[in-house]
Amino acid sequence: MAARAGVSMTAASRVINNAPYVSPAKRAAVEKAIRELGYAPSRSARALATRKSGVVALAISGDDPALFADPFFAHVIVGISTALEETELHLLLCLGASGRAQARFKGLLGTRAVDGVMLIALRGDDPLVPVVERFGLPTVYGGRPLHGEPAWYVDVDNRGGARKGTDHLIELGRTRIATITGLPDTEVGQARHLGYRDAMATAGLSPHAVEAGDFTVAGGAAAMTALLDTHADLDAVFVANDNMAAGAVRVLRERGRRVPDDVAVVGFDDLEIATRTDPPLTTVHQPVRALGTEMARMLTALLAGREPSPLILPTRLVVRASA
């Protein structure tokens, strides 16, 4: 490379690594040689020289195949990938549910095989949190953990969004409004439950009925069945995500309840499934792809030595036929 450009090895290295103190003429000669030779820098050599791997990890605390059937995660990953296309960083996906997977993850962090970490889908006292804290790598959380608030995170206004969804049901004149919550050991599950309670309290209403779900279609169906068995008089339900809302709508139809005439339904997410239910779901839109994009941008900023601020993304109500 240096010989082709007619410059010293030092000058060629400076150009390849975008370092300063290279004359315009030498820089142009090296860049021309790069094009002619089709040169691509060795990641392993660069890692030795810079102590950077050029790899960031997205760690998910789960390995259930159903996790990846949920389009939420696909949108997050696409958002991350889109942001990383603007950099030279590569993405590594790590699943940290089993003890063996967590040991491998510790090994990656301990050997500095990754430069930074993004964490998502955390539950309760998640074992991945102390792992990343122990090694001190730049870390961005997608959604806040249940306990404590990290320095860097990108989250959605879950509590405010749930309040918007419940407020809409109240504005329709519904008073016997139940809710199907998300997983109780997740911050998002608790925040959306609190948003429902906020709206009910402001309207002078008591929570009519609460049933826990698990963010899946089957979980929503089971929760809706339980609600109808114990609170047959309910006239609306706020559901903590669209997957569960789809299951709830199916059960309501099977039990002879008309949506929205007898029971109005509002979900949360505004993913594709919300347009495929019968009737289509009124739901709270959250910018899922932007969540991934902003996580990656925040981590990139940290790796560049900047100090980004935590970010909370807004939500909005999308009115369709279910409420």
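## Exercises on a two-sheet model

Gly 142 has Val 154 of E5 as its bridge partner. The model is predicted.

**Exercise 1.** Place the pair Gly 142 and Val 154 in its sheet.

Solution.
- Start with the strands. E4 covers residues 139-142 and E5 covers residues 153-156. They run parallel, joined by two bridges.
- Go out to the sheet. E4 and E5 belong to an open sheet of six strands with parallel pairing. The order is E2-E1-E3-E4-E5-E11.
- Find the edges. E2 (90-95) and E11 (311-313) each pair on one side only.
- Add the twist. From one strand to the next, this sheet averages 20°.

**Exercise 2.** Which strands stand at the edges of the sheet with mixed pairing, and what does that leave each of them without?

Solution.
- Write the order: E7-E6-E8-E9-E10-E12, an open sheet of six strands with mixed pairing.
- Read off the ends. E7 (209-212) and E12 (316-318) each have a single partner strand, so one side of each lacks a neighbour in the sheet.
- The twist here averages 20° between one strand and the next.
- Now look inside. E9 (264-269) pairs with E10 (282-285) in the parallel sense, over four bridges. Within that pairing, Val 266 has Thr 282 of E10 as its bridge partner.
- Finish with the helix across the sheet. H9 (187-202) lies across E6 (177-181), E7, E8 (236-239) and E9. H9 runs at about 165° to E6.

**Exercise 3.** Classify the packing of H10 against H11, then describe the contact.

Solution.
- Take the geometry. H10 (217-230) and H11 (242-254) pack at about 45°, and their axes are 6 Å apart.
- Apply the class limits. Parallel would need under 35 degrees, and perpendicular starts at 65. H10 and H11 are therefore oblique to each other.
- The crossing of H10 and H11 is right-handed.
- List contact residues. H10 contributes Val 217, Gly 220, Ala 221, Met 224, Thr 225 and Leu 228. On H11, the contact includes Asn 243, Met 244, Gly 247 and Arg 250.
- Sort by class: eight nonpolar, four polar and one charged residues make the contact of H10 with H11.

**Exercise 4.** Do the same for H5 and H12.

Solution.
- H5 (71-84) packs on H12 (288-303) at an angle of about 40°, with axes 7 Å apart. That angle makes H5 oblique to H12.
- The crossing of H5 and H12 is right-handed.
- Residues that meet include Phe 72, His 75 and Ile 80 in H5, and Arg 289, Met 295 and Thr 300 in H12.
- The class count for H5 with H12 is ten nonpolar, five polar and two charged residues.

**Exercise 5.** Where are the cis peptide bonds before Pro 260 and Pro 279, and where is the positive phi of Arg 112?

Solution.
- Recall the background: most peptide bonds are trans, and most residues other than glycine have a negative phi.
- Val 259 and Pro 260 are joined by a cis bond, omega about 10°. Pro 260 is in the loop between H11 and E9.
- Asp 278 and Pro 279 are also joined by a cis bond, omega about 5°. Pro 279 sits in the loop between E9 and E10.
- Arg 112 has a positive phi, near 55°. Its loop lies between H6 (99-110) and E3 (116-120).

**Exercise 6.** Over which residues does pLDDT stay under 50?

Solution.
- Start from the chain average, a pLDDT of 88, with 86% of the residues at 70 or above.
- The stretch is residues 43-50, where the model has eleven contacts beyond four places in sequence.
- Treat low-pLDDT coordinates with care: they should not be read in detail.

Definitions and conventions. Residues numbered from 1 in each chain as written. Predicted model: local features only at pLDDT ≥ 70, side-chain atom pairs only at ≥ 80, totals over all residues. Heavy atoms only, no water. Axes fitted to C-alpha atoms, helices over the stretch in contact; angles between N-to-C directions. Parallel < 35°, antiparallel > 145°, perpendicular 65-115°, else oblique. Left-handed = near helix turned anticlockwise from the far one by under 90°. Contact = heavy atoms within 4.5 Å. Nonpolar A, V, L, I, M, F, W, Y, C, P; charged D, E, K, R; others polar. Pairing = 2+ DSSP bridges. pLDDT = per-residue confidence, 0-100.
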